[in-house]
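Biologist: Hi, could you walk me through this model? I'd like to get my bearings before I go back to the bench.

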Amino acid sequence: MNLQTTIAGPASVSGVGVHSGKPARLTIRPAGEGTGVVFVRADVADRDGDIPALATRVTTTELGTNMTNDAGVSVATVEHFLAACAGLGVDNVRAELDGPELPILDGSSKPFVALLERAGLKHQAKPRRVLRILKTVEIRQGVKFARLSPGEDFTMRIAIDFPTRAIGRQAISFTMLPGAFAREIAWARTFGFAHQAEQLYAMGKGLGASMDNTVVIENDAVINPGGLQAHDEFVRHKLLDVIGDLFLAGGPIEGLYEAEQPGHALNNQLLRAVFADTSSFAWT
Ligand SMILES: [Zn+2]
């Protein structure tokens, strides 16, 4: 039986936000069945700080997935933490944050996987709710697309294409099976381009970015002293982002996800399109 899962006890991690540059401490705590993942801004008074991790709460998708509740309280860059929850099969957790943005840590989901493992996973009594895709839903934006169609398990096939020899065209196919996320995807770091840094700073973004948390590409080369962990670390990170973004469905998905050059905006539009057509899905 596929039971809902929470964590056994609290655990914390601290770091700076990649865009705000602001320090924040994330403390995860167990949550009851049916809670889902709920972000709590511990630095904001009362329960106005609660932000359920749902696609309908996503307000901006520029350079990250950011969410806001009815009281106007926001939390930024949620996707790497959510990917870790999805990858480890954690359904219910309170994620308390004392700042506006989740810490970027090493730019991957690996420290969040370690955080969840440190807290310990705990099965609950009720079965997990799964979003079964019943018919194909697709969002297109020029050559880019993202699509969900019916499938037996949760398989994702994506491709990216960047006009630099450091990346080029990369593709990956991945099925969410126990242990697979931590082994194949979690460690893939976020990446950015040196020539865009000035532009980001001017927008007040990327203030916490460094080669400690971002793979930096200058012209046709990766300039981090340690290089890459795998030649296709880029597409693996894009897939990590997809897994985090799709977890905002409110539960694991049973279906096939395919995309060309996916991004946070496309993923959010796709989930909203699925939920807008009640014949395209069923909760089972
Ligand atoms: Zn990312």
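Modeller: Here is a chat about the overall fold, the sheets, two helices, the domains and two loop residues.

Modeller: One caution to begin with: this is a predicted model, local features need pLDDT of at least 70, side-chain atom pairs count only at pLDDT 80 or more, and totals for chains, interfaces and linings use all residues. Residues are numbered from 1 along each chain as its sequence is written.

Biologist: Got it. What does the secondary structure come to?

Modeller: Six helices and 20 strands. Helices are DSSP runs of H or I with at least four residues, strands are runs of E with at least two, and both are numbered from the N terminus.

Biologist: And how does the radius of gyration sit with a compact globule?

Modeller: The two agree: the protein has 18 Å, and a compact globule of 284 residues would be near 19 Å. The radius is taken over C-alpha atoms, and the globule rule is 2.2 Å times the number of residues to the power 0.38. Along the principal axes, the C-alpha trace spans about 50 × 45 × 35 Å.

Biologist: What share of the residues is buried?

Modeller: Buried residues make up 42% of the 284. A residue is buried if 20 or more other C-beta atoms lie within 10 Å of its own, exposed if 12 or fewer, and partly exposed in between, with C-beta atoms placed from the backbone.

Biologist: OK, sheets next. What is the strand order in the one with β7?

Modeller: That open sheet has three strands in the order β6-β7-β8, with antiparallel pairing. Strands β6 (58-60) and β8 (74-75) stand at the edges with a single partner strand each, so one side of each has no neighbour in the sheet. Two strands pair if DSSP finds at least two bridges between them. β6 and β7 (residues 66-68) have two bridges, and Val 58 stands opposite Met 67 in β7.

Biologist: Which strands does β3 pair with?

Modeller: One is β2 (residues 11-16), which runs antiparallel to β3 (residues 23-30) over six bridges. Ala 11 stands opposite Ile 28 there. Six residues lie between the strands of that hairpin, and Gly 21 takes a positive phi near 75 degrees. β3 is also joined by five bridges to β9 (residues 93-97), again antiparallel, with Arg 29 opposite Arg 94.

Biologist: Where does β17 fit in?

Modeller: β17 is part of an open sheet of three strands in the order β16-β17-β18, with mixed pairing. Here β16 (191-193) and β18 (221-222) are at the edges, each with a single partner strand, so one side of each is left without a neighbour in the sheet. β17 (residues 215-218) and β18 are antiparallel over two bridges, and Ile 217 has Val 222 as its bridge partner.

Biologist: Switching to helices: how many residues of α5 are buried?

Modeller: 14 of 14, so α5 is largely enclosed by the rest of the structure. α5 (residues 233-246) reaches 20 Å from its first C-alpha to its last, close to the expected 20 Å; the expected span is 1.5 Å times one less than the number of residues.

Biologist: And which residues of α6 are buried?

Modeller: His 264, Leu 266, Asn 267, Asn 268, Leu 270, Leu 271 and Val 274. Their cover includes β6, α1, β12 (137-141), β13 (144-149), α5 and β20 (281-283).

Biologist: How is the protein divided into domains?

Modeller: Into domain 1 (3-127) and domain 2 (131-283), with bounds that come from an automatic or database domain assignment. 31 residues of domain 1 are in contact with 31 residues of domain 2, where contact means C-beta atoms, placed from the backbone, within 7 Å. On the domain 1 side, α1 (79-88) and α2 (110-119) are the elements that give two or more residues, and α1 gives the most, with eight.

Biologist: Last one: what is unusual to look at in Leu 63 and Leu 105?

Modeller: Neither is a glycine, yet Leu 63 has a positive phi of about 65 degrees and Leu 105 has one of about 55 degrees. Leu 63 lies in the loop between β6 and β7 and is partly exposed, with 18 other C-beta atoms within 10 Å. Leu 105 sits in the loop between β9 and α2 and counts as buried, with 23 C-beta neighbours inside 10 Å.

Technical notes: Contact = placed C-beta atoms within 7 Å.
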